[in-house]
Amino acid sequence: MDDPRRRLEHEREVTLGRLASLTGDHDAIVAASLDTNADDEHDPEGATIAFERSQIGALVRQVAGHLAEVDAALARVSDGTYGVCERCGSATGEARLEALPAARLCITCAAAG
Ligand SMILES: [Zn+2]
C-alpha cells in the first residue's frame with residue numbers, strides 16, 4: 001500500500017490550498033459588501049453578497065474541519081493506530097482510506113452513523 005503519511009500530507013496540502021483560496025474569496029466578498037453597504041444599504045446586490053458570504057463561511061468551516069481530521073489522522077499514523085476503526089477496532093479498509101485518507105471509522109460503523 002501507499003505510504004499513508006505521504007497520502008495524508010498530500011491531502012493536507014490540497015486542503016490548505018482550498019482553504020487559502022476560500023478565505024481569499026471570503027475577504028474579497030467581505031470587502032465588497034462593506035463598500036456596498038457604504039454606498040446604498042438598499043442595493044439589491046447586498047442580499048446576494050450576504051448569501052455568498054454565508055455560503056463561503058460554511059465552506060471554510062467545512063474545509064477547516066477536514067484539515068483537523070487530516071491532522072488527527074497524521075497523529076494516528078505516528079501512534080500506529082491509523083487504519084483502525086475508532087469504534088469497533090477492525091481495519092478501516094485500504095479502499096476506503098484511498099478514497100477518504102482521514103476516515104476514522106470503518107465503512108460499517110460509518111454507515112451506522
Ligand atoms: Zn468499525
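Glutamate 86 and arginine 104 form a salt bridge, with their closest N and O atoms 3.0 Å apart. The term salt bridge is used here for a side-chain nitrogen of Lys or Arg within 4 Å of a carboxyl oxygen of Asp or Glu. This pair links distant parts of the chain: glutamate 86 is in the loop between H2 and H3, arginine 104 is in the loop between H3 and H4, and 18 residues separate them. Salt bridges that share partners join Glu69, Arg76, Glu86 and Arg104 into one network.

A word on the model before going further. This is a predicted model, in which local features need pLDDT of at least 70 and side-chain atom pairs count only at pLDDT 80 or more, while totals for chains, interfaces and linings use all residues. Residues are numbered from 1 along each chain as its sequence is written, and side-chain values use heavy atoms, with hydrogens and water left out.

**The overall chain**

The protein chain has 4 helices and 0 strands, and along the sequence its pattern reads α-α-α-α. Helices (H or I, at least four residues) and strands (E, at least two) are DSSP runs, numbered from the N terminus. Of the 113 residues in the protein chain, 29% are buried. Buried means under 20% relative accessible area, exposed over 50%, and partly exposed in between (1.4 Å probe, protein chains only). The accessible surface of the protein chain is about 7000 Å², and carbon and sulfur atoms account for 55% of that area. Such areas come from the Shrake-Rupley method with a 1.4 Å probe; for residues, only the protein chains shown count as cover. Among contacts in the protein chain between residues at least 6 apart in sequence, 59% join residues at least 24 apart. A contact means heavy atoms within 4.5 Å.

**More on the salt bridges**

The count of salt bridges comes to 5. Here are three of them, including the pair that opened this report.

| Salt bridge | Closest N to O distance |
|---|---|
| glutamate 86 and arginine 104 | 3.0 Å |
| arginine 104 and glutamate 69 | 2.9 Å |
| glutamate 94 and arginine 7 | 3.0 Å |

Take the bridge between arginine 104 and glutamate 69. Arginine 104 lies in the loop between H3 and helix H4 (107-112) and glutamate 69 in helix H2 (residues 45-79), so this pair ties together parts 35 residues apart in sequence. Arginine 104 is partly exposed, with a relative accessible area of 28%. Its partner glutamate 69 is partly exposed at 27%, and glutamate 86 is partly exposed at 45%.

Glutamate 94 also forms a salt bridge with arginine 7. These two are 87 residues apart, with glutamate 94 in helix H3 (residues 94-99) and arginine 7 in helix H1 (residues 4-39). Glutamate 94 counts as partly exposed because its relative accessibility is 28%, whereas arginine 7 counts as buried at 12%.

**The zinc site**

The zinc ion has Cys85 (SG), Cys88 (SG), Cys106 (SG) and Cys109 (SG) as its protein donors, lying 2.3 Å from it. Donors are N, O and S atoms within 2.8 Å of the metal (3.2 Å for Na, K and Ca); water is not among the atoms, so sites may look incomplete. The donor residues are spaced C-x2-C-x17-C-x2-C in sequence. The site is tetrahedral, with angles of 106 to 116° among its 4 donor atoms; four donors earn that name if all angles lie between 85 and 135 degrees. Cysteine 106 and cysteine 109 are both buried.

UniProt, in an unreviewed entry, places the feature "zinc finger region: dksA C4-type" at residues 85-109. UniProt positions follow the numbering used here, feature names are shortened, and annotations may be inferred rather than shown by experiment. The span 85-109 is 36% helix and 0% strand, and its end C-alpha atoms lie 8 Å apart.

**Two residues in the H2 to H3 loop**

Alanine 91 is in the loop between H2 and H3 and counts as exposed at 60% relative accessibility. Leaving aside residues up to four places away in sequence, alanine 91 touches Gly83 and Cys106. The C-alpha atoms of alanine 91 and cysteine 106 are 6.6 Å apart, although 15 residues separate them along the chain.

Threonine 92 is also in the loop between H2 and H3, but is buried, with a relative accessible area of 5%. With residues up to four places away in sequence not counted, threonine 92 touches Gly83, Val84, Cys85, Leu97, Ala103, Leu105, Cys106 and Ile107.

Notes
Four donors count as tetrahedral if all angles lie between 85 and 135 degrees; four count as square planar and six as octahedral if opposite donors are over 155 degrees apart and all others between 65 and 115; anything else is irregular.
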